[in-house]
Amino acid sequence: MKFIAFLMRNMPFLFGIGFIAPLIDQTIKQLGVNPAGSPWSLVLGLMIGGSWGVYAVWKTPAQ
Amino acid sequence: MTAPALDPATLKTLSSQELMRLEGEIARRFSGIVPWGSVTWGLCNLVVWLSLWPLVLFGHLTLWAAFPIATLNVMLSYLPSHEAQHDIIGRPGEPLRWLNELVGHVSTLPLVLPYRMLKLTHLEHHKHTNHSELDPDIHTRAPSAWAFLVSSLRNRQPGGQAQTSYAATLQRLGTPQASLAMLEALGLQLTYLAVLFACALTGHALEAALIWWLPRHIAATYIGFYLSWAPHHPALETGRYRDTRGFRSLVGNIGSMGMQFHVIHHLHPRIPLMKTPAAFYALRPVLEARNCPIEGL
């Protein structure tokens, strides 16, 4: 139960790096602005998703 | 009671009890009907939404065609379950009870909202409509449509009221059913996130975003607006005849999913959704005699 609580508490961060980051990466690749093999779109996704996630975890009051 | 009694002057002479009896007699004409339209709607809507996944992933349908269909599916997924929440399809002990529970449980899966939680919290909403602390949907209260849109986005952020109010209601209820509803909600939420993560890891983040994640956010805003904000606006009064209003929607009755007549649902929750317009016009003189807020209809 403690693990589930820990998971849910940090879910915004996990969501940021686990879904928002790949979503940004795949969207940029779909637009064709990322040179083949370049990781910068994933790095950008991780920066945006990760920082949003950290901010959301920090702002969310503990239940 | 017969039609001449619905003359406004005559209604004014009736006592509150007589008016209540008349209201009940009229309402009964629209109750006790199995809403086969809603049953078909709920089940077909889910099948269409589920079918979008293989159609898109195997390249039979473009993602850009699937996105508006998915959005419509998720927007339409709530109301069939709502009929089930009020046992309209089949009451306990009736032959169609299994269908009531099936529609209730499966139709809201695209919204990631479990039936048991929806039912318990929705009945609390009926019991405490517009109450600042006890109504689980009170977080949709906003002074204007624009203010609702802003607060809707804010409330769906981590820790926002849309995330916490149902859990708080279930905690307040404290029953075994409420505990089970909490577990179901947690399980469904974790499953939803696992699907999104799995799609992202396998290179299908865009598909997951446009078939589920974004449609769900659009649908949550739309449903919150038409099923909660609009019919209860300004949501400041409580009481059987004052907590819900009849209103004219810019997008018509179908575009607002029948919510122009939501006042009928709050007065007589066992009238099926598709019968509420007819019930409204039949009951209108009684509603006016009761000073119900009716705006533009």
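Guide: Domain bounds come from an automatic or database domain assignment. This is a predicted model: local features need pLDDT of at least 70, side-chain atom pairs count only at pLDDT 80 or more, and totals for chains, interfaces and linings use all residues. Residues are numbered from 1 along each chain as its sequence is written, while chains are lettered from A and ligands numbered from 1 in the order in which they are written.

Visitor: Which domains does the assignment give for chain B?

Guide: Domain 1 covers 1-30 + 239-297, and domain 2 covers 34-223. Their centres, taken over C-alpha atoms, are 28 Å apart.

Visitor: How many residues of the two domains of chain B are in contact?

Guide: Two residues are in contact if their C-beta atoms, placed from the backbone, lie within 7 Å. Here nine residues of domain 1 of chain B meet 10 residues of domain 2 of chain B. For classes, Ala, Val, Leu, Ile, Met, Phe, Trp, Tyr, Cys and Pro count as nonpolar, Asp, Glu, Lys and Arg as charged, and the others, Gly among them, as polar. The domain 1 side has five nonpolar, two polar and two charged residues.

Visitor: Where does the largest nonpolar core lie?

Guide: A nonpolar core is a set of buried Ala, Val, Leu, Ile, Met, Phe, Trp, Tyr and Cys residues joined through C-beta atoms within 7 Å. Buried means that 20 or more other C-beta atoms lie within 10 Å of a residue's own. The largest core has 52 residues, and A:Leu23, B:Ala70, B:Ala205, B:Ala208 and B:Ile211 touch the most other members. Both domains of chain B give residues to this core, so it lies between them.

Visitor: Which helix gives the largest share of this core?

Guide: Helices are DSSP runs (H or I, at least four residues), numbered from the N terminus. Helix α11 (residues 205-232) of chain B supplies 12 residues. Beyond its neighbours within four places in sequence, B:Ile211 touches B:Leu52, B:Trp53, B:Val56, B:Ala66 and B:Ala70.

Visitor: How many residues does each chain bring to the contact?

Guide: Chain B brings 11 and chain A brings 14. On the chain B side, α10(B) gives the largest share, four residues. That side has eight nonpolar, three polar and no charged residues.

Visitor: At what angle do α7(B) and α9(B) pack?

Guide: Axes are lines fitted to C-alpha atoms over the stretch in contact, and angles run from 0 to 180 degrees between N-to-C directions. The angle is about 80°, with the axes 10 Å apart. That makes the pair roughly perpendicular (65 to 115 degrees).

Notes:
Helix = DSSP H or I, 4+ residues; strand = E, 2+ residues; numbered from the N terminus. Parallel < 35°, antiparallel > 145°, perpendicular 65-115°, else oblique. Buried ≥ 20, exposed ≤ 12 C-beta atoms within 10 Å, placed from the backbone.
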